[in-house]
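The following note sets out some points on the fold for a colleague's consideration. It begins with strand pairing and then turns to the chain as a whole.

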Amino acid sequence: QVRLVESGGGSVQAGGSLRLSCAASGYTSSLNFMAWFRQAPGKERRAVAAIYTAGSPTYYAHSQGRFTISQGNAKNAVYLQMNSLKPEDTAMYYCAAGRLDSITIASALNSRSYSYWGQGTQVTVSA
């Protein structure tokens, strides 16, 4: 089993920044991908970014240039640096981890690829 704990969410004004953290514990050697997803009220959960636990490749759901996913030195932590935040970024952000059979962008950004999920951390961006 793998346990994921997110932190770093909060409320910021548009244009601000936040850095989300996700700490993985347990049988982390079974993992090869970690990712961030987000879900706004009334909407489906959508991918934000994913990273191969070896450090690369990294995948982004769309070319934002505002978000950066990275991994901790111990490789059992993943971060999401979010800059130039917009009100539409408001959502619950979830950390996910799993072992993907195919290392493709489609697989890495598909929520069904991940077996483990954190409880989420709320990000609220005000105009």
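1. In this predicted model, strands S9 (residues 91-98) and S11 are paired antiparallel, with three bridges between them. One position can be located exactly: Tyr93 has Thr121 of S11 as its bridge partner.

2. S11 also pairs with strand S2 (residues 10-13), here in the parallel sense and through four bridges. Within this pairing, Ser11 lies opposite Thr124 of S11.

3. The two faces of S11 (residues 121-126) deserve mention. Thr121, Val123 and Val125 make up the covered face, whereas Gln122, Thr124 and Ser126 make up the uncovered one. Thr121, the partner of Tyr93, is thus listed on the covered side, and Thr124, which stands opposite Ser11, on the uncovered side.

4. The protein chain contains eleven strands and one helix. Read from the N terminus, the order of elements is β-β-β-β-β-β-β-β-β-α-β-β.

5. As to overall dimensions, the radius of gyration of the protein chain is 13 Å, which agrees with the value near 14 Å for a compact globule of 127 residues. Along the principal axes, the C-alpha atoms fill a box of roughly 40 × 30 × 25 Å.

6. Of the 127 residues, 43% count as buried. Among contacts with a separation of 6 or more, 59% are between residues 24 or more positions apart.

7. The accessible surface of the protein chain is about 6600 Å², with 45% of that area belonging to carbon and sulfur atoms. The chain carries 11 positive and 5 negative charges, and the mean positions of the two sets are 4 Å apart.

Technical notes:
Residues are numbered from 1 along each chain as its sequence is written. This is a predicted model: local features need pLDDT of at least 70, side-chain atom pairs count only at pLDDT 80 or more; totals for chains, interfaces and linings use all residues. Side-chain values use heavy atoms; hydrogens and water are left out. Buried means under 20% relative accessible area, exposed over 50%, partly exposed in between (1.4 Å probe, protein chains only). Two strands pair if DSSP finds at least two bridges between them. The radius of gyration is taken over C-alpha atoms; the globule rule is 2.2 Å times the number of residues to the power 0.38. Contact means heavy atoms within 4.5 Å. Accessible areas come from the Shrake-Rupley method with a 1.4 Å probe; for residues, only the protein chains shown count as cover. Lys and Arg count as positive and Asp and Glu as negative; His and the chain ends are not counted. The place of a charge is taken as NZ of Lys, CZ of Arg, CG of Asp or CD of Glu.
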